[in-house]
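Colleague: Could you walk me through this fold? I'm new to reading models, so keep it simple.

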Amino acid sequence: MAMLAYNLFKYGLFTPVCRLVFRPWMRGADNIPEEGAVITAANHLSYGETFLLPAMIKRRMTFPVKAEIFQQKSLGGRIVGWFLTAVGQVPLDRSGGKASAAGLSPVMQVLQDGGMVGIFPEGTRSPDGRMYKPKTGVAKMALEAGVPIIPVGFVGTQFQKGLFGIPVMKHPGIIIGEPMDFSHLADRAGEMKVLRYVTDEVMAAVQQLTGQDYVDVYATRAKFGDLKDVDRSQYIKPRPGTGELPPPPKPATKEPAPASDAAPAAEPTPPADPTPAGTSE
């Protein structure tokens, strides 16, 4: 049922509208495998990217959508929730802790079933068109599921006022990079520094596709926190991360055994007889 609804909306609505109204262009479509589990990781300029990429490629995509959208009580909210469920999108709990960890289960199930999952590592849309510090969830999913990550760059996807004031994207672009394989780090999936390294490498590849400036703070801080409406140029860096894989942790050294467990000391050797051999007293 979900597959039928997905194809109905995709080919009956989104693909024709995107092609005719937005006139997008795309490069690197051949980098997406025809089958097999894979994650796409992209920069995030506009909410339109969540339907633009699925409309332009052959494979079905699943995007984790914040759980609150599925739980809206208004009529419009319920319609949106129904639509997302109908086309097979999955809710993601972003409250943190165990709830967020458990919320990844539907996403991991899609990957286990050989599906394609789309992730925006920045977590929210860019406030000014620049790239912001990514979160490490994409690395955690890729290493635990053992799947490659495909970097995707969006260009010009911001909405602008068109005819009659209707917001449209004007000739947006999609650039799809080559798959990145981090399977050699699967046994280090529990190391935060490794997750940060993988995430930064992926987003550095995205940056190479888009040419964006990189701001080394989270976008949520720039949009809602202490860096809102202030100059953030001091946080600009050449790229995400350093490109250096952190060394593996040193193995734990064994502490010396307590004295009580040590071997007993040998008895002292008695002093030698001072009388020279062959003589008498």
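Modeller: Sure, here are some questions and answers about the sheet, the cores and two loop residues.

Modeller: This is a predicted model, where local features need pLDDT of at least 70, side-chain atom pairs count only at pLDDT 80 or more, and totals for chains, interfaces and linings use all residues. Residues are numbered from 1 along each chain as its sequence is written, and side-chain values use heavy atoms, with hydrogens and water left out.

Colleague: Which strands are the edge strands of the open sheet?

Modeller: Strands here are DSSP runs of E, at least two residues long, while helices are runs of H or I, at least four residues long, and both are numbered from the N terminus. Two strands pair if DSSP finds at least two bridges between them. The open sheet has five strands in the order 1-10-7-2-5, with mixed pairing. Pairing on one side only makes these the edges: strand 1 (25-27) and strand 5.

Colleague: How many bridges join strand 7 to strand 10?

Modeller: These two strands run antiparallel. One bridge pair is Phe154 with Ile174 of strand 10. Strand 7 covers residues 149-155 and strand 10 covers residues 173-176, and the number of bridges joining them is four.

Colleague: What angle does the direction of helix 2 make with that of strand 10?

Modeller: Axes are lines fitted to C-alpha atoms, for helices over the stretch in contact, and angles run from 0 to 180 degrees between N-to-C directions. Helix 2 (residues 49-56) packs on the sheet and touches strand 1, strand 2, strand 7 and strand 10, where contact means heavy atoms within 4.5 Å. With strand 10, the angle is about 65°.

Colleague: How many residues does the largest nonpolar core have?

Modeller: A nonpolar core is a set of buried Ala, Val, Leu, Ile, Met, Phe, Trp, Tyr and Cys residues joined through side-chain atoms within 4.5 Å. Buried means under 20% relative accessible area, exposed over 50%, and partly exposed in between (1.4 Å probe, protein chains only). Ile39, Met141 and Ile149 are among the residues with the most contacts inside this core. Its residue count is 27.

Colleague: Is Phe164 buried or exposed?

Modeller: Phe164 sits in the loop between strand 8 (160-161) and strand 9 (167-168). Its phi is near 65°, a positive value in a residue other than glycine. With a relative accessible area of 75%, Phe164 is exposed.

Colleague: And what is the relative accessible area of Asp229?

Modeller: Asp229 lies in the loop between helix 9 (219-224) and strand 12 (236-237), and phi of Asp229 is near 60°, again positive without being glycine. Asp229 is exposed, and its relative accessible area is 72%.
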